[in-house]
Amino acid sequence: MTINATVKGAGFRPASRISSIGVSEILKIGVRAGAMKREGKPVIILGAGEPDFDTPDHIKQAAWEAIQRGETKYTALDGTPELKAAIREKFERENGLAYGLDEITVGTGAKQILFNAMMATVDSGDEVIIPTPYWTSYSDIVQISGGRPVLIACDASSGFRLTAERLEAAITPRTRWVLLNSPSNPSGAAYGAEDYRPLLDVLLRHPHVWLLVDDMYEHIVYDDFRFVTPAQLEPRLNDRTLTVNGVSKAYAMTGWRIGYAGGPRELIKAMAVVQSQSTSCPSSVSQAASVAALNGPQDFLKDRADSFKRRRDLVVAGLNAIDGLDCRVPEGAFYTFSGCAGMLGKVTPNGKTIGTDADFCAYLLDDAHVAVVPGSAFGLSPFFRISYATSEAELKEALTRIAAACGRLS
Ligand code: PMP
């Protein structure tokens, strides 16, 4: 009996720091879609946040060579000297930023970098400003670190971007950080120099507020959009700006788990303390692979971005051709974040009324067998996110099915 009770988890009480954090909506949809697929239903999953390309061969080769050289042990705490040097080069070459090696940190994915930064700096009740729609981990990480996420709705009318007025109004004496992500997951919206400028001017007036920018999708930008990062635009903020990036999206290396950041030395040191008591160091083999990624040929990045652009155009046109959907053209990343206000209030063939974006996404999964994620998962409704990191053939089929399912609503 006692054993049974233990197995069922009787008496388990989660720590308060995680009790308000639910299982992500994205994960739940993935589980349902996966189960339907196993039942033999032809489900198309447009939920994954990773490129469908393979990691390039020269990167895999570098990992193999590192293993053969015996680089299979713990490394320096927050990055090997070789990888930090490659990151310093990258920041100089691509962003015109001159970080010293002690101003660079490497972690197990950009997610761990964000986690280290929040754990190292946020005290109970400190506020962190997050524009919505946002990548869900932002608010969860802030909450785990004891902070209070301050969510600011930024809808399609502002291009899903934070404005200076809204930022100014959200800052209080407890504000510790502002988190910005460009190009954005989930909206694909990106901040050009002219979008960042007014925000940086606000931050110059509030010296207690630090800026974390997540540049993960830097290399996936389209048309004539010119990627910039705030540390490049405003050196006066550099002593309180953390520039986060990683190899996951650019080099199709999501499973290798390497992310990095450049920022003020004292912050980098504090982040290393958190890392030293959580993971000790990032994987030695993955670090060697990342050196090859950053130092190796970069020309294929443009080809991949071009391929994503064709898919973006296909998806945006397909969605906008459907009555009741409204899709802004994203500047980057591999997501569309489409408005679905026109679907609310409609009734499915089964007689269910669509009341929310989550209802709409559930209907698309049931009726069209297409898995997409509701805006509510990213803090802004009524919208839904499509990840178009999949083949054009699959995207065309998904769009045909979505259009047909929408046509069956009355
Ligand atoms: N930032 C954003 C905006 C992301 O979408 C992701 C991955 N979904 C990450 C950071 C984390 O990337 P990783 O941990 O794989 O480096």
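**Notebook: sheets, domains and odd backbone spots**

I started with strand β3 (residues 127-132), which pairs with strand β5 (residues 175-181) in the parallel sense over 3 bridges. This is a predicted model, and I read it as such. For one register point I took V128, whose bridge partner in β5 is W177.

Next I looked up the sheet around these strands. An open sheet of 7 strands runs in the order β2-β8-β7-β6-β5-β3-β4, and its pairing is mixed. Its edge strands are β2 (104-107) and β4 (148-153), each paired on one side only. I noted an average twist of 20° from one strand to the next. Helix α7 (residues 137-144) lies across β3, β4 and β5. I put its direction at about 155° to β4.

**Entry: β7 and its partners**

I then turned to strand β7 (residues 241-246). How many of its residues are buried? I found 6 of 6, and β7 is mostly covered. I checked the two faces in turn. T241, T243 and N245 are buried on one side. L242, V244 and G246 are buried on the other, so both faces are covered.

I followed the pairing both ways. Strand β6 (residues 210-214) pairs with β7 in the parallel sense over 4 bridges. There, L211 has T241 as its bridge partner in β7. Strand β8 (residues 259-262) pairs with β7 in the antiparallel sense, over 4 bridges. V244 has A261 as its bridge partner in β8.

**Entry: the four-stranded sheet**

I moved on to an open sheet of 4 strands in the order β9-β10-β13-β12, with antiparallel pairing. β9 (326-327) and β12 (373-374) stand at the edges with a single partner strand each, so one side of each has no neighbour in the sheet. I counted 2 bridges in the antiparallel pairing of β9 with β10. D326 stands opposite G339 in β10.

Helix α13 lies across β9, β10 and β13. I noted that α13 runs at about 10° to β10.

**Entry: α13 against α15**

How do α13 and α15 lie to each other, and at what angle do they pack? Helix α13 (residues 299-320) and helix α15 (residues 392-407) pack at about 5°, with axes 10 Å apart. Angles under 35 degrees count as roughly parallel. The two helices α13 and α15 are therefore roughly parallel.

I listed the residues that meet. From α13 come R310, R311, L314, V315 and G318. From α15 come E392, L395, K396 and L399. I sorted the contact residues into 4 nonpolar, 1 polar and 4 charged.

**Entry: two domains**

I looked up the domain split. The chain divides into domain 1 (22-51 + 300-407) and domain 2 (58-295). Their C-alpha centres lie 27 Å apart. I found 26 residues of domain 1 in contact with 27 residues of domain 2.

Which elements give two or more residues to the domain 1 side? I found α13, β10 (335-339) and β13 (383-387). The largest share, 5 residues, comes from α13. I sorted this side into 13 nonpolar, 7 polar and 6 charged residues.

**Entry: G49**

G49 is found in the loop between β1 (44-45) and α4 (57-68). Is G49 buried or partly exposed? A residue needs 20 or more other C-beta atoms within 10 Å to be buried. G49 has 19, so I logged G49 as partly exposed. Leaving aside neighbours within four places in sequence, I found G49 in contact with N185 and S387. I also checked G49 against I129: they are 80 residues apart in sequence and 23 Å apart in space, C-alpha to C-alpha.

**Entry: backbone oddities**

Most residues other than glycine have a negative phi, and most peptide bonds are trans. I looked up exceptions.

The peptide bond from S182 to P183 is cis, with omega near -10°. P183 sits in the loop between β5 and α9 (193-204). The peptide bond from S381 to P382 is cis, with omega near -10°. P382 sits in the loop between β12 and β13.

R257 is not a glycine, yet its phi is positive, near 60°. I placed R257 in the loop between β7 and β8. R257 has 20 other C-beta atoms within 10 Å, so R257 is buried.

H369 also has a positive phi, near 55°. I placed H369 in the loop between α14 (357-368) and β11 (370-371). H369 has 19 other C-beta atoms within 10 Å and is therefore partly exposed.

Notes: Residues numbered from 1 in each chain as written. Predicted model: local features only at pLDDT ≥ 70, side-chain atom pairs only at ≥ 80, totals over all residues. Axes fitted to C-alpha atoms, helices over the stretch in contact; angles between N-to-C directions. Parallel < 35°, antiparallel > 145°, perpendicular 65-115°, else oblique. Contact = placed C-beta atoms within 7 Å. Nonpolar A, V, L, I, M, F, W, Y, C, P; charged D, E, K, R; others polar. Buried ≥ 20, exposed ≤ 12 C-beta atoms within 10 Å, placed from the backbone. Pairing = 2+ DSSP bridges. Domains from an automatic or database assignment.
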